[in-house]
Amino acid sequence: MILVQELTKQYINGQWVVGDSSKEIKDYNPYTKEEILTIQAASKEELDHAFIAAKQAQPLWEAISLGDKQLLFERLETVLKARKDEIIRWLVAETGSTISKATIEFDSTVNIVREAASFLTRVTGEILPSYVPGKENRIYRTAKGVVGVIGPWNFPFLLTMRSVAPAVAAGNTVVVKPASDTPVTSGLLVGELFEEAGFPPGVVNVIVGRGSEIGDAFVTHPIPDMISFTGSTEVGRRIGELAGRSLKDVALELGGNNVMIVLEDADIGAAARAAAFGKFLHQGQICMALNRIIVVESVYDEFVEAFTEVVRGLKTGDPSDPETFVGPLINNSQVDKIVAAVDESVLQGAVMHLNGRVRDCLMEPIILTDVTNDMPIAKNEIFGPVAPILKAEDAAEAVHIANDTPYGLSGSVFTSDLYRGVEVAKKVKTGMIHVNDQSVNDEAHVPFGGEKASGIGRFNGEWALEKFTTVKWISVQSGYRDYPL
């Protein structure tokens, strides 16, 4: 991989500058453990410079003609596609993504950019009638202003661009703080792409810094009008609290404890294959990944057998090998946390049905049976290649188990009766759920987001447009009113 010098710097107001913090951020390949690059971290002063640049650029950007903006977004898509192979290599090297996962992520990002470009002609207003004679009520929709985007490390390129592209298309400017584990794919590459496409300085800025040094300041800074964050519920709560003190809007896509419910009339083979994909794609390090598989008792053993057969065929190893489906976890602390949850759940009665080996950051798939909802491996978000399979007496109990969690992001129901599948899906308290498909689904024009502790707000399509804009009521009186004075 050819390193681009700018990817070790900060991107502020169209310039690549060396960070002036005394701290460094080292970027490692999670599979080889090799250092990819070292970035001199940004300080609070540079964070301030980035937000000031974004604020100064915002009214100029919003005022640029529609035609010029369309040309810029067309160039962005062209540049993005031209650098496909490079971006996929970065995702493999920096995040441990397999080639198949990185390709899925890239293709979804193209769709996000294309959908965002359509916002340019979808920022519309309304004219409403009035009870006051001679008055016209006009509703104008405009940009929020400056948006702070905090990128994640699991699907870093897609989930950062999912906020940046729509926000910019709606007329906002952006400051991105990438995840420390993936500073390139969750931020710096995004800045490079917007620069190469010719967007004006200050429209997109990227600040790489440690959360301990600039994390709170990023949220509490007086300039950003909104904070968009994708990550853990724990960090999301902190961001919500900090933003709430100054009444800033937030878009929070947080953790999940997603279920697949397999009913007694399901196609077991199809359900098993779907479950393997939804559980083990990107090693289970996806907010939408299956966390629990709940199977009705009458087909439990049949499902476990079919699922195990599929999972045994999944190759674990080098993510750059096209045949690999399960690559490394992002770091050793994630591995340690998952292993501890598995061990504790086994002590509480879970059965180790398939015991995958653990080698450094590589975890072969693990299947646990006889799991109950109070065990750590079912109660907490796993974010790793462990599949807990729970047993339910019937559909009603399966729904009860599914809802017995503070989370509500995604889910799945398998059944041969589509009407019944929809009725069961309605009863699961979650923002998204899929009948006869697994839980990992994301389409650029469809609302994405969760309930309860899984977040606030919706991304994608018209719901993102709503989130990244604000409305203003301007009434126009055609004749002077006669006031009862």
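**Two helix pairs and four residues**

User: In this predicted model, is Tyr 300 buried or exposed?
Analyst: Tyr 300 has a relative accessible area of 3%. The cut-off for that call is under 20%, so Tyr 300 counts as buried.

User: Which residue offers its backbone nitrogen to the side chain of Tyr 300?
Analyst: Start with where we are: Tyr 300 belongs to helix H10, residues 300-312. Beyond its neighbours within four places in sequence, Tyr 300 has contacts that include Val 295, Thr 369 and Lys 391. A polar atom of its side chain lies 3.1 Å from a backbone nitrogen, and that nitrogen is the one of Asp 370.

User: What distance separates the C-alpha atoms of Tyr 300 and Ile 389?
Analyst: Along the chain, Tyr 300 and Ile 389 are 89 residues apart. In space Ile 389 is in contact with Tyr 300, as is Leu 390. From C-alpha to C-alpha, Tyr 300 and Ile 389 are separated by 8.8 Å.

User: Moving on to Ser 454, which backbone nitrogen does its side chain reach?
Analyst: Ser 454 sits in the loop between strand E22 (451-452) and strand E23 (455-456). Its relative accessible area is 0%, so this loop residue is buried. Past its neighbours within four places in sequence, Ser 454 is in contact with Leu 252, Glu 253, Leu 254, Gly 255 and Gly 256, and also with Tyr 407, Gly 408 and Leu 409. The side chain makes its reach at 3.3 Å, to the backbone nitrogen of Leu 409.

User: How do H7 and H8 sit relative to each other, and why?
Analyst: The axes of H7 (residues 211-220) and H8 (residues 233-245) come within 8 Å and cross at roughly 45°. Roughly parallel would need an angle under 35 degrees, and roughly perpendicular runs from 65 to 115. The pair fits neither, so H7 and H8 are oblique.

User: Which handedness does the H7 and H8 crossing have, left or right?
Analyst: H7 passes H8 in a crossing made by Asp 216, Val 219 and Thr 220 on the H7 side and by Arg 238, Ile 239, Leu 242 and Ala 243 on the H8 side. Sorted by type, these contact residues are four nonpolar, one polar and two charged. As for its hand, the crossing is right-handed.

User: What about H4 and H5: how are they oriented, and why?
Analyst: H4 (residues 99-118) and H5 (residues 156-169) have axes 9 Å apart, at an angle of about 5°. The limit here is under 35 degrees, so H4 and H5 are roughly parallel.

User: How many residues of the contact of H4 with H5 are nonpolar?
Analyst: H4 brings Lys 101, Glu 105, Ser 108, Thr 109, Ile 112, Val 113 and Ala 116, while H5 brings residues including Phe 157, Leu 158, Met 161 and Arg 162. Two of the contact residues are polar and three are charged. The nonpolar count is ten.

User: What relative accessible area does Leu 247 have?
Analyst: Leu 247 is in the loop between H8 and strand E11 (249-253). It isn't a glycine, but its phi is positive, about 55°. Leu 247 is exposed, with a relative accessible area of 77%.

User: And what is the relative accessible area of Asp 360?
Analyst: Asp 360 lies in the loop between strand E15 (358-359) and strand E16 (362-363), and its phi is near 55°, a positive value in a residue other than glycine. Asp 360 is classed as partly exposed because its relative accessible area is 42%.

Conventions:
Residues numbered from 1 in each chain as written. Predicted model: local features only at pLDDT ≥ 70, side-chain atom pairs only at ≥ 80, totals over all residues. Heavy atoms only, no water. Helix = DSSP H or I, 4+ residues; strand = E, 2+ residues; numbered from the N terminus. Buried < 20%, exposed > 50% of the residue type's maximum accessible area, 1.4 Å probe, protein only. Polar contact = N/O pair within 3.5 Å; in protein donor to acceptor, adjacent residues only side chain to side chain. Contact = heavy atoms within 4.5 Å. Axes fitted to C-alpha atoms, helices over the stretch in contact; angles between N-to-C directions. Parallel < 35°, antiparallel > 145°, perpendicular 65-115°, else oblique. Left-handed = near helix turned anticlockwise from the far one by under 90°. Nonpolar A, V, L, I, M, F, W, Y, C, P; charged D, E, K, R; others polar.
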